[in-house]
Structure formats: C-alpha cells, structure tokens
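Ready for a short walk through a protein? Please open your viewer and keep the selection tool at hand.

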Amino acid sequence: KNLKYPDGYVSNMGRCVDMKKHKLFGMKSHDCHVFMQRLVPVAFRELLPKKVWEALTEMSLFFRDITSTVIREEDMVRLQQKIPDILCKLERVFPPSFFDSMEHLHVHLAYEAMIAGPVQYRWMYPFER
C-alpha cells in the first residue's frame, strides 16, 4: 500500500489495494504491466512454491526484456527460443482452463520486436494514460 514509484512511471498503486479483501483493483493496463514486470519477481518469492515462483518470474523477466527501450537482435533471438520453455513451465503449474488463445501471442512478441523495434513506439500506453 505504501509503495512509491518515480513520478509519472505508474499511477498511485496504493489506491488500487484493498487490505481487507487482500485484492488489487482498478489498475490500468500499464499498471498491470509494471506490477508484472517489476513486483512479481520480488513480491511472491517467499509466498509461492519455488516452481510456481520461477515460472512467473521468468515470464515477468521476458516481458521486462521485450519492453525495454533498447533491444538487441541477439537478445530477441534468445527470448524467442526461451518463451516456449517458459510457457511449458506455466502449463505445468496452472490448469488448462487458465490458458486461452492469448497465451500463444507471447511466442510472436520477440520476433515482432526484431522486425519493428522497441515497443514503446507502437504500444497503446502513452495514449491510454
């Protein structure tokens, strides 16, 4: 609830926390991405079983790398080769009902970044905010 980020980086995440119900609510899509990329690897390390935490952390780091402002082709090739393994780890942890067709999208993101460059020029967050 008292977490602080630099001004303009993310909205006030403290207003999105319901301490009575232990839930997050009302986050914009950029807030969700910041939460996923920056907080999940740290926040859940001691709370989740190791194989669950590792799968979620690898997915978080994948998205952090794919959305960085500077990308290198060899990094995108590495991520493109690594994402099927990450998705398989997630499939071992979560039930099939957790997955839908959107999970397949991750397989294409690294290739798209190689072709089109950094995502900040073509994703919707600046317009949404």
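Here is a tour in a few stops, going from the whole chain to single side chains.

**Stop 1: the whole chain**

Start with everything shown as a cartoon, and keep in mind that this is a predicted model. You should find five helices and two strands. Colour the chain from start to end and follow it: the order is β-β-α-α-α-α-α. Now switch to a surface view. Of the 129 residues, 33% count as buried. The fold also brings distant parts of the sequence together: among contacts between residues at least 6 apart in sequence, 57% join residues at least 24 apart.

**Stop 2: two helices side by side**

Select residues 73–93, which form helix H3, and residues 106–116, which form helix H4. How do H3 and H4 run relative to each other? Their axes come within 8 Å and cross at roughly 175°. An angle over 145° counts as roughly antiparallel, so that is the description for H3 and H4.

Next, show the side chains where they meet. On H3, pick Glu-73, Met-76, Val-77, Leu-79, Gln-80, Ile-83 and Leu-87. On H4, pick His-106, Val-107, Ala-110, Tyr-111, Ala-113 and Met-114. Colour these residues by type and you will get 10 nonpolar, two polar and one charged.

**Stop 3: the cores**

In soluble globular proteins, nonpolar side chains tend to be buried together. To see this kind of grouping here, select Met-59, Phe-62, Ile-66 and Leu-90. These are the residues with the most contacts inside the largest nonpolar core, which has 15 residues. Helix H2 (50–66), H3 and H4 each give two or more residues to this core. Which element provides the largest share? The answer is H3, with six residues.

Zoom in on Met-59. Leaving aside residues up to four places away in sequence, Met-59 touches Ile-83, Ile-86, Leu-87, Leu-90 and His-106. Then move over to a second, separate core of six residues, which includes Val-10, Val-34, Phe-35 and Leu-39.

**Stop 4: Phe-63**

Go to helix H2 and click on Phe-63. Is Phe-63 buried or exposed? Its relative accessibility is 8%, and the cut-off for buried is under 20%, so Phe-63 counts as buried. Beyond residues up to four places away in sequence, Phe-63 touches Met-36, Gln-37, His-106 and Leu-109. Try the distance tool too: from C-alpha to C-alpha, Phe-63 and Arg-38 are 9.9 Å apart, although 25 residues separate them in sequence.

**Stop 5: Gln-37 and Thr-67**

One of the partners of Phe-63 is Gln-37, so select that residue next. Gln-37 sits in helix H1 (residues 29–43). With a relative accessible area of 9%, Gln-37 is buried as well. Show what surrounds the residue: apart from residues up to four places away in sequence, Gln-37 touches Ser-60, Phe-63, Arg-64 and Thr-67.

What joins the side chains of Gln-37 and Thr-67? There is a polar contact of 3.3 Å between them. Now click on Thr-67, which lies in the loop between H2 and H3. A polar atom of the Thr-67 side chain is 2.7 Å from the backbone oxygen of Phe-63. The Thr-67 side chain also reaches the backbone oxygen of Arg-64, at 3.4 Å.

To finish, display Gln-37 and Thr-67 together once more and look for the polar contact that joins their side chains.

Notes
Residues are numbered from 1 along each chain as its sequence is written. This is a predicted model: local features need pLDDT of at least 70, side-chain atom pairs count only at pLDDT 80 or more; totals for chains, interfaces and linings use all residues. Side-chain values use heavy atoms; hydrogens and water are left out. Axes are lines fitted to C-alpha atoms, for helices over the stretch in contact, and angles run from 0 to 180 degrees between N-to-C directions. Helices (H or I, at least four residues) and strands (E, at least two) are DSSP runs, numbered from the N terminus. Angles under 35 degrees count as roughly parallel, over 145 as roughly antiparallel, 65 to 115 as roughly perpendicular and the rest as oblique. Contact means heavy atoms within 4.5 Å. Ala, Val, Leu, Ile, Met, Phe, Trp, Tyr, Cys and Pro count as nonpolar, Asp, Glu, Lys and Arg as charged, and the others, Gly among them, as polar. Buried means under 20% relative accessible area, exposed over 50%, partly exposed in between (1.4 Å probe, protein chains only). A polar contact is a pair of N or O atoms within 3.5 Å; within protein, one must be able to donate a hydrogen and the other to accept it, and residues adjacent in sequence count only if both atoms are side-chain atoms. A nonpolar core is a set of buried Ala, Val, Leu, Ile, Met, Phe, Trp, Tyr and Cys residues joined through side-chain atoms within 4.5 Å.
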